[in-house]
Amino acid sequence: MASCAKTNNTKQNSTETTDQPQKEIKMTDSNKTLLVFFSHTGENYAVGNITEGNTHIIADMIADATGAKTFEIIPEKTYPQDYNECIDVAKKELQSQARPAIKEDIDLTEYDTIFLGYPNWWGQPPMCVFTFIEAHDWDGKTVIPFITHEGSGMGGTDRKIAETCKGANVAIGKGLAVRGATAQNDRETARKTVNKWLEKL
Ligand SMILES: Cc1cc2nc3c(=O)[nH]c(=O)nc-3n(C[C@H](O)[C@H](O)[C@H](O)COP(=O)(O)O)c2cc1C
């Protein structure tokens, strides 16, 4: 995993949740719950050439179980399908803290709970996720992060989300982290993990 630096998260399991004291997470009815995610397809060093991204798979499982409407963050300029080219673009974006334009947006006013999903890119959500976050007012909303990764887990990305979603109650330590390879190749395990996590929430 030459290009995938490990983050400071020490848990290396295929799935992971961490419990830390914080405000109660309240999920209201599914009409007020939205699931927003970014997921990349193409060449993936761990699971080969994929047509459905790992995070997308987990997003669908959460949406199936909760009835939440989904919204996919799609950058105007899609990330390259070639792994090394994607790494190059992602690295430049991270270094410059870019906010790449996204194709569409969604009005969050009517939603009070937002599941927010993304892959772990060097301990960060991809920069296009920040483009989405910074375009919205998060005051009073509950945000529940979920991530796919290949060893780094949540990697503190929930805290970064909390810093950016100003005014939101972000479920720090209560998000879900699933290995991309589990999402892609062992869907039964992944679904069980998702459901167990949702029950706990
Ligand atoms: C640019 C880039 C950086 C990555 N960095 C990490 C990392 O630091 N730690 C990790 O565990 N996985 C890392 N990965 C692997 C992805 O997090 C993992 O394959 C994820 O499941 C991809 O989800 P997706 O198919 O929804 O995009 C990285 C992948 C890419 C493309």
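**Exercises on a predicted model**

In this predicted model, W122 counts as partly exposed, because 16 C-beta neighbours lie inside 10 Å.

**Exercise 1.** Determine where W122 and Q97 lie and how exposed Q97 is.

*Solution.* Begin with W122, which is placed in the loop between β6 and α3 (127–134) and has a positive phi of about 55° although it is not a glycine. Turn then to Q97, which sits in the loop between α2 (83–95) and β6 and, although not a glycine either, has a positive phi of about 50°. Finally, count the neighbours of Q97: there are 9 C-beta neighbours inside 10 Å, and therefore Q97 counts as exposed, the cut-off for that class being 12 or fewer.

**Exercise 2.** Describe how helix α1 (residues 54–66) and helix α6 (residues 187–200) pack.

*Solution.* First take the geometry: the two helices pack at an angle of about 50°, with their axes 10 Å apart, which means that α1 is oblique to α6. Next take the handedness, since the crossing of α1 and α6 is right-handed. Then list the partners: I57, I58, M61, I62, A65 and T66 of α1 meet A190, R191, V194, N195 and L198 of α6. Sorted by character, the residues of this contact comprise 8 nonpolar, 2 polar and 1 charged.

**Exercise 3.** Work out which residues of helix α4 (residues 157–164) are buried and what they pack against.

*Solution.* The buried residues in α4 are T157, D158 and I161. Viewed down the axis of α4, the buried residues fall within an arc of 105°, so they line one face of the helix. Lastly, these buried residues pack against β6 (113–119), β7 (142–149) and β8 (169–170).

Notes:
Residues numbered from 1 in each chain as written. Predicted model: local features only at pLDDT ≥ 70, side-chain atom pairs only at ≥ 80, totals over all residues. Axes fitted to C-alpha atoms, helices over the stretch in contact; angles between N-to-C directions. Helix = DSSP H or I, 4+ residues; strand = E, 2+ residues; numbered from the N terminus. Parallel < 35°, antiparallel > 145°, perpendicular 65-115°, else oblique. Left-handed = near helix turned anticlockwise from the far one by under 90°. Contact = placed C-beta atoms within 7 Å. Nonpolar A, V, L, I, M, F, W, Y, C, P; charged D, E, K, R; others polar. Buried ≥ 20, exposed ≤ 12 C-beta atoms within 10 Å, placed from the backbone. Arc of directions from axis to C-beta.
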